[in-house]
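Colleague: Could you take me through one part of this model in some detail? I would like to hear about the enclosed space inside the protein, and then how that part sits within the whole assembly.

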Protein chains: 2
Amino acid sequence: MSLTERKRQLVRDELTEAALKLLAFQGFEETTIDQMAAAAGVSRRTFFRYFPSKEDVIVEFLSDLGRKLSHSLSTRPATEPPPVALQNALRVFTDTFWEHPEKSQRLANVMVSTPALLARYLERQVTWRATLSAELAVRMGVDPEADLRPAVLVAVAFAAFDTALIRWVAQGSTTDLNTLLSDCFATAFPT
Amino acid sequence: MSLTERKRQLVRDELTEAALKLLAFQGFEETTIDQMAAAAGVSRRTFFRYFPSKEDVIVEFLSDLGRKLSHSLSTRPATEPPPVALQNALRVFTDTFWEHPEKSQRLANVMVSTPALLARYLERQVTWRATLSAELAVRMGVDPEADLRPAVLVAVAFAAFDTALIRWVAQGSTTDLNTLLSDCFATAFPT
DNA sequence: CTTCGGTTTGGCACTGAGTGTCAACATTGC
DNA sequence: GCAATGTTGACACTCAGTGCCAAACCGAAG
């Protein structure tokens, strides 16, 4: 990575970190972009050169993971039935959460408890669903236009994930997210 | 209903109708609140006395239905297993769509194809999920705090509904929404 | 060391969403 | 007719987001 790229990444991290602190402290609506920019030591205008909107400071982090999802699914062995493959594909999320526990916790907390952020996150999820459905359709060897099943299975998998995530936050991140996810999948896809 | 209340409802309907026309014609981002207000013959300030945000002109219509959801579930016979009861509870939506076909179509079209509107709709849905989960928990006779199942089942039901809705719009509202919904439920809740 | 080309940055001005306030006006009840 | 209440439009304000331009910065070539 070049020097300028690393500097960019540095500013980016500084912004998310500053934003996370402010949001956790005073809430999303009460925090202005000027405050976040000032806390990171850049101008308001520069903020928008790193994030297209106020919501994205938080949501981009998950969007990065979301983009890896369909690739993650494609690397699952073909022997795995769709539900198992989907659950394992979602490890891109749970693994990253596991690697950065405290950041993930704060992030998930703010996101789930802030309607505007939750909305943006769910909006992104819809786009991931589309690409994942396509991926799952080829895996199942069916036509995604004619067959509803891949789309439904993906939607159900995300429903399980969301439920696990919301529950995880509600319980103060005390239980293990992966355990919760397994439980949710067990109900969503009874054997 | 009193005269003032009827007048209020009249203005409200006028606003949604004007908004729907404009949005279908020029898209959500390109339409300003001034335009919608002017088209309905009221001031910009009055618009906000009827809808708290630009998105709500469209989304409120569905929110009204969402509020009826848990009541709808509570009136389903106790003999129905959860998936069936949930599917039938969702008839609040499909029935209303059936009663106002062309309005529902335009509305769903705009909503599904506009990220900002879809986001708001999904955000609302999360709140319905919470109340529906509680309702389903009492129906199942379990503790909604300790038991994940009601929350997961509700989430899966909405996943099926969303998939059906998106597919319905994608197919140009040619197929019957209820048929699509049944198909999606069949995959989401295999017998 | 200097100059050149590309990128990053900050400041400024502008549009549009959303809110508080107030005065004008209509409606309902007495 | 009159008072209480509710609705409306106008104005002013904050904040999100964008376009534009000039200054600062940085790597490379001379």
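Modeller: Happy to! A cavity here is a set of grid points where a 1.4 Å probe fits but cannot get out, and its lining residues have an atom within 4 Å of a point. Please keep in mind that this is a predicted model.

Searching the whole structure turns up three cavities of 30 Å³ or more. The largest cavity has a volume of about 90 Å³, and 14 residues line it. Nearest its centre lie A:Arg129, A:Asp162, B:Gln125, B:Arg129 and B:Asp162. Two or more lining residues come from each of helix H8 (115-140) and helix H9 (149-170) of chain A, and likewise from helix H8 (115-140) and helix H9 (149-170) of chain B. By class, the lining of the largest cavity has eight nonpolar, two polar and four charged residues.

Now for how the two chains are arranged. A turn of 180 degrees with a shift of 0.0 Å along the axis lays chain A on chain B with an RMSD of 0.1 Å. The two copies are thus related as by a two-fold rotation axis. Of the interface residues of chain A, 100% are also interface residues in chain B, so the copies meet through the same surface.

The DNA completes the picture. Around DNA strand C there are 19 residues, and the closest are A:Thr46, A:Arg49, B:Arg44, B:Arg45 and B:Lys54. A polar side-chain atom of A:Thr46 is 2.2 Å from a phosphate oxygen of DNA strand C. For A:Ser43, a polar backbone atom lies 3.1 Å from a phosphate oxygen of that strand, while an N or O atom in the side chain of A:Tyr50 lies 3.2 Å from one. Of the atoms of DNA strand C within 4 Å of the protein, sugar or phosphate makes up 44%, and the rest belong to bases.

DNA strand D is surrounded by 20 residues, and the closest are A:Arg44, A:Arg45, A:Lys54, B:Thr46 and B:Arg49. Sugar and phosphate provide 48% of the atoms of DNA strand D that come within 4 Å of the protein. A polar side-chain atom of B:Thr46 is 2.4 Å from a phosphate oxygen of this strand, and a polar backbone atom of B:Ser43 is 3.0 Å from one. From chain A, a backbone N or O atom of A:Ile33 lies 3.4 Å from a phosphate oxygen of DNA strand D. The surface near DNA strand D has six nonpolar, five polar and nine charged residues.

Terms used. Residues numbered from 1 in each chain as written. Chains lettered and ligands numbered in written order. Predicted model: local features only at pLDDT ≥ 70, side-chain atom pairs only at ≥ 80, totals over all residues. Heavy atoms only, no water. Near = heavy atom within 4 Å. Polar contact = N/O pair within 3.5 Å; in protein donor to acceptor, adjacent residues only side chain to side chain. Nonpolar A, V, L, I, M, F, W, Y, C, P; charged D, E, K, R; others polar. 1 Å grid on protein atoms, 1.4 Å probe; cavity = no way out; pocket = protein on both sides within 12 Å on 5 of 7 lines; lining within 4 Å. Points joined across faces, edges and corners; volume = space filled by probe spheres on them. Helix = DSSP H or I, 4+ residues; strand = E, 2+ residues; numbered from the N terminus. Least-squares fit on C-alpha atoms with pLDDT ≥ 70 in both. Contact = heavy atoms within 4.5 Å.
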